[in-house]
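Reader: Hey, I'm new to this one. Can you walk me through it?
Author: Sure, let's pull it up and start with a loop.

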Amino acid sequence: MHKMRGVNMGKNVYVGYGVVFDRLHPELITIGDYAEIGDRCILSAHTRGSLTTRQAYPRTMAPIKIGRGVSVNPGCIITQGVEIGENSIIGIGSVVSRDISPNSLALGYPARVVKKLDGVGELQT
């Protein structure tokens with residue numbers, strides 16, 4: 001269903017329950033092969049002000065790119081303009097407001113890389 005709305009998804013992508021992809025601009029979201037998006041995550045590719053603040057805070061849009069093999073754990077928020085590098089893991093409840101390099105474990109609010117992951121990238125069978 002998310003593909004029909006315009007979200008760009010690779011093969012073997014898992015999307016959990018209650019995930020919210022940007023409702024106005026789903027086409028700005030790209031998810032690579034073998035990525036996993038946990039329950040109740042929010043991916044928002046735009047921001048905007050209220051009717052009274054739009055001149056000071058106009059709507060902005062920027063793509064979200066989630067790389068191959070990324071695992072976004074439940075309850076995370078991914079904001080506009082973020083790229084998460086391949087084979088990275090985003091910890092539960094993290095808010096990702098800046099790019100995350102490949103092969104990284106990132107946690108927190110805002111999410112920060114706390115560890116580089118070695119020996120990742122091969123499919124385990």
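Reader: Where is Gly81 found?
Author: Gly81 sits in the loop that runs between strand 11 (77-78) and strand 12. Keep in mind that this is a predicted model.

Reader: Is Gly81 buried, exposed or partly exposed?
Author: Gly81 is partly exposed, because its relative accessible area is 40%, and that class lies between the 20% and 50% cut-offs.

Reader: And what is Gly81 in contact with, leaving aside its neighbours within four places in sequence?
Author: Ala62, Pro63, Ile64 and Asp99. For Pro63, the C-alpha atom is 5.0 Å from that of Gly81, though the two residues are 18 apart along the chain.

Reader: OK, new topic. Which sheet has strand 12 in it?
Author: An open sheet of 4 strands, in the order 1-4-9-12, with parallel pairing. Strand 1 (8-9) and strand 12 (83-84) are its edge strands, and each pairs on one side only.

Reader: How many bridges link strand 1 and strand 4?
Author: 2 bridges, in the parallel sense, with strand 4 covering residues 29-31. Asn8 stands opposite Thr30 there.

Reader: What about strand 11, which order is that sheet in?
Author: The order is 3-6-11-14, again an open sheet of 4 strands with parallel pairing. Strand 3 (20-21) and strand 14 (95-96) are at the edges with a single partner strand each, so one side of each has no neighbour in the sheet.

Reader: Which residue is the bridge partner of Phe21?
Author: Leu43, in strand 6. Strand 6 (residues 42-43) pairs with strand 3 over 2 bridges, in the parallel sense.

Note on methods: Residues are numbered from 1 along each chain as its sequence is written. This is a predicted model: local features need pLDDT of at least 70, side-chain atom pairs count only at pLDDT 80 or more; totals for chains, interfaces and linings use all residues. Side-chain values use heavy atoms; hydrogens and water are left out. Two strands pair if DSSP finds at least two bridges between them. Buried means under 20% relative accessible area, exposed over 50%, partly exposed in between (1.4 Å probe, protein chains only). Contact means heavy atoms within 4.5 Å.
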